[in-house]
Amino acid sequence: MKILIVEDEIYLAQSIAGKLIDFGHECDIFTAVNDALDQTERYDVILLSTNLSGQDFYAVIKKFADEIILLMVSYISNDTVTDPLKAGAHDYIQKPFMIEELIRKINHFHSFKQLQKRCELYEDYLDHQLKNIQLPNPMKKTLPLMVKTNYQKQADAFAFALAEELGRPLKYLPLSNSASLSALEHLESDSIAYMPEFQMLKKSEREAFLEALQDRDVITSTTENFEDERVETIELVSEHKIFDRTEILTIDDYVKFIIHNYQSKFPDTELSKKLGISRKSLWEKRKKYGIFKKK
């Protein structure tokens with residue numbers, strides 16, 4: 001990692017840098033805040049002394065607010081620790097310190113930051129994938145719950161939204177994975193298990209699964225017909241027949257799906273060409289299926 005050290009005790013800064021370099025890091029040292037502020041390079045970690053004589057180190061915290069900032073303090077007080085942490089620094093280490101402890105803190109915050117980025121990526125992806133899905137309002141909150149749907153993404157969106165509304169973490173345990181049933185036994189008490197793909201279970205397995213659901217915080221889903229008094233069921237039906245990997249669509253359903261989902265992305269000339277029909281036929285099919293093109 002690229003590490004910026006702001007410390008006016010030059011021998012101490014050089015000693016820290018030398019040890020960090022031994023661990024494979026790159027280090028730049030500055031004894032003056034203004035010199036650090038002039039840097040245009042990107043750093044992964046900022047090691048900032050809070051005992052810089054006559055210098056305002058808060059400007060460093062502000063400039064590198066998106067990076068990992070660790071304070072190096074001589075003593076603990078509001079001025080050296082509490083206030084800089086409130087300003088945006090992530091943690092502190094008291095001098096003198098073992099380099100291994102500093103490395104541990106750097107690795108901890110680096111791993112945490114990487115995890116944050118992955119979570120943001122997954123959230124952005126899910127938001128994009130599920131953005132057009134309509135959900136019931138209010139949400140049904142009784143668990144266990146079976147979601148019967150003709151569109152798997154709709155059940156997924158419901159499970160994610162319900163867990164968020166309840167403020168509880170969701171554990172994804174698809175029933176197509178044979179390990180999911182045993183994982184349910186080790187579910188943390190504050191978590192909700194989301195166990196889709198009930199239709200993938202063999203008939204002999206379904207009874208045992210439904211028995212195991214009793215008094216458990218589980219949301220499960222199926223794309224098949226389902227009726228069982230032991231599990232409360234909610235039916236979420238998509239407005240339009242949509243592909244499911246376990247289902248073969250009729251030609252009419254396929255054409256209806258393509259028109260509905262792609263008419264905003266392609267002009268009629270290109271859309272009709274892709275379907276192998278004329279523009280007149282496309283217009284007739286819209287009329288037949290009751291699909292209106294938004295302008």
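This tour moves through a predicted model, from its nonpolar cores to its salt bridges and then to its surface.

Begin by selecting Ile 3, Ile 5, Ile 16, Leu 20, Leu 47, Leu 70 and Leu 102, which touch the most other members within the largest nonpolar core, a set of 19 residues. Colouring by secondary structure then helps, since strand E1 (2–6), helix H1 (10–22), strand E3 (45–49), strand E4 (68–73) and H5 each supply at least two residues of this core, and H5 gives the most, with 5 residues. Centre next on Ile 3, whose contacts, not counting residues up to four places away in sequence, include Leu 20, Leu 47 and Ile 106 as well as His 25, Glu 26 and Cys 27. A second, separate core has 18 residues, among them Leu 4, Phe 30, Ile 61 and Ala 89.

While Cys 27 is in view, note that it counts as buried at 17% relative accessibility, whereas Cys 119 counts as partly exposed at 38%; a search of the whole structure finds 0 disulfides.

Turn now to the charged side chains, where the count comes to 18 salt bridges. Select Asp 217 and Arg 168, whose closest N and O atoms are 2.7 Å apart; Asp 217 sits in the loop between helix H8 (203–213) and strand E9 (218–222), and Arg 168 in the loop between helix H6 (152–166) and strand E7 (170–172), so that the pair links parts of the chain 49 residues apart. Both partners are partly exposed, Asp 217 at 28% and Arg 168 at 23%.

Then select Glu 185 and Arg 216, a salt bridge with closest N and O atoms 3.9 Å apart. Glu 185 lies in the loop between helix H7 (180–184) and strand E8 (192–195) and Arg 216 in the loop between H8 and E9, so this bridge ties together parts 31 residues apart in sequence. Here Glu 185 is exposed, at 53%, while Arg 216 is partly exposed, at 21%.

For a buried example, select Asp 268 and Arg 286, with closest N and O atoms 2.9 Å apart; Asp 268 belongs to helix H10 (residues 268–275) and Arg 286 to helix H11, and their relative accessibilities are 17% and 8% respectively. Salt bridges that share partners also join Lys 2, Glu 26, Asp 28 and Glu 41 into one network.

Stay with Asp 268 and add Arg 279, also in helix H11 (residues 279–289), which contacts Asp 268, Thr 269 and Ser 272 when its neighbours within four places in sequence are left aside. Arg 279 is exposed, with a relative accessible area of 52%.

Finish at the surface by selecting Tyr 125, Leu 126 and Phe 160, which make a nonpolar patch of about 270 Å²; Tyr 125 is in helix H5 (residues 99–130).

How values were computed
Residues numbered from 1 in each chain as written. Predicted model: local features only at pLDDT ≥ 70, side-chain atom pairs only at ≥ 80, totals over all residues. Heavy atoms only, no water. Patch = residues over 30% accessible without salt bridge, like charges linked within 9 Å, V, L, I, M, F, W, Y side chains within 5 Å. Areas by Shrake-Rupley, 256 points an atom, 1.4 Å probe, with all protein chains shown as cover. Salt bridge = Lys/Arg side-chain N within 4 Å of Asp/Glu carboxyl O. Helix = DSSP H or I, 4+ residues; strand = E, 2+ residues; numbered from the N terminus. Buried < 20%, exposed > 50% of the residue type's maximum accessible area, 1.4 Å probe, protein only. Contact = heavy atoms within 4.5 Å. Core = buried A, V, L, I, M, F, W, Y, C linked by side-chain atoms within 4.5 Å. Disulfide = S-S within 2.5 Å.
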